[in-house]
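Subject: Handover of a structure

Dear colleague,

Please find below the structure that I am handing over to you. My findings follow it.

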Amino acid sequence: MSRTPFIAGNWKMNKTVAEAEQFIQALLPQVAAVDGVEIVICPPFLALEAMVDSARGSQVGVYAQTMHEADSGAFTGEVSPAMLSEIDVAGVVLGHSERREYFNETDAALQKKVPKALETGLVPVLCVGETEEERERGDTERKLRRQVEEGLEAVPVERLAEVVVAYEPVWAIGTGLTATPEQAQEACAFVRALVARFDGGAAEQIRILYGGSCKPSNAAELLALPDVDGALVGGASLDPSDFAAIVEAAAA
């Protein structure tokens, strides 16, 4: 089964609205002719609406970087799914390792957030991955099993294939280190096997991304792996030309 490649740029806490506008105006002409790739940018909350407006009519989708699972309430500083869908945000990254590490996001919270995103019309990108210590201890599969099983447990089986899963080895994020192609393929294949325990058909359809210092110089090799269907790009997504080069690698 052919799965449409998915390239998402996670801007993290970067770019003012003015800087975001400069980026999107530079990016759109560079990807206008790309065919057969789903392209997504994930700006900070304050730039979401501007990016939705500027990207409207193009093939670039706009996703948020996180959300709360509740519809509303006394959750100071949080944003609800309905607030995102109201401004035509198309999806949301959930469980990024930085959210887990710095903001105490738990598997239990993600078990609520993933189905809530789907229910609200948002595509969830569930992030999973091991730390350097866990890999050295041989605990990579144990960690991935817990994160994938808990994160997807409350998703209706018929909607599993709509979820995107991003494997991000925590030790490779922002460090310049990259998993070897063998490590990336092994982990993404394991994630697919975990999804197959819920539903075999969904496992064939679900898109699994690699995230962890993906850049133009290594994108083609990583994206050619049989179980890697795209990339969650960090630092390289802040430069429109670098990001466009990764998109083009996915289209090749």
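Which residue in β2 is the bridge partner of Asn 10? The bridge partner is Cys 42. Please bear in mind throughout that this is a predicted model.

**Strands β1 and β2**

The pairing of Asn 10 with Cys 42 belongs to a wider arrangement. Strand β1 (residues 6–10) and β2 run parallel, and five bridges join them. Together with helix α1 (residues 17–31), these two strands form a β-α-β unit that is right-handed. Strand β2 covers residues 38–42; because four of its five residues are buried, the strand is largely enclosed by the rest of the structure.

**From β2 to β3**

Strand β2 is also joined to strand β3 (residues 60–64), in this case by three bridges, and the two strands run parallel. The chain passes from β2 to β3 by way of helix α2 (residues 45–55), in a right-handed β-α-β crossover. Two residues of β3 can be matched with residues that stand opposite them: Val 60 faces Ile 39, and Val 62 faces Ile 41.

Why is β3 described as largely enclosed by the rest of the structure? The reason is that five of its five residues are buried. Their directions alternate between two groups: Val 60, Val 62 and Ala 64 point one way from the strand, whereas Gly 61 and Tyr 63 point the other way. The residues of both groups are buried.

**From β3 to β4**

Strand β3 pairs in turn with strand β4 (residues 91–94) through two bridges, and these strands run parallel. Ala 64 has Val 92 as its bridge partner in β4. A right-handed β-α-β unit is made here by β3, helix α3 (residues 81–86) and β4.

**Arg 192**

I would also draw your attention to one residue elsewhere in the chain. Arg 192 lies in helix α8, which spans residues 181–198. Is Arg 192 buried or exposed? Its relative accessibility is 6%, and it therefore counts as buried, since the cut-off for that class is under 20%.

Beyond its neighbours within four places in sequence, Arg 192 is in contact with Arg 3, Ala 203, Glu 204, Ile 206, Ile 208, Asp 227 and Asp 229. With Asp 229, the side chain of Arg 192 makes a polar contact of 2.7 Å. As for Asp 242, it is 50 residues from Arg 192 in sequence, and the C-alpha atoms of the two are 28 Å apart in space.

Yours sincerely

Key:
Residues are numbered from 1 along each chain as its sequence is written. This is a predicted model: local features need pLDDT of at least 70, side-chain atom pairs count only at pLDDT 80 or more; totals for chains, interfaces and linings use all residues. Side-chain values use heavy atoms; hydrogens and water are left out. Buried means under 20% relative accessible area, exposed over 50%, partly exposed in between (1.4 Å probe, protein chains only). Contact means heavy atoms within 4.5 Å. A polar contact is a pair of N or O atoms within 3.5 Å; within protein, one must be able to donate a hydrogen and the other to accept it, and residues adjacent in sequence count only if both atoms are side-chain atoms. Two strands pair if DSSP finds at least two bridges between them. A crossover is right-handed if, with the strands pointing away from the viewer, the path from the first strand over the helix to the second runs clockwise.
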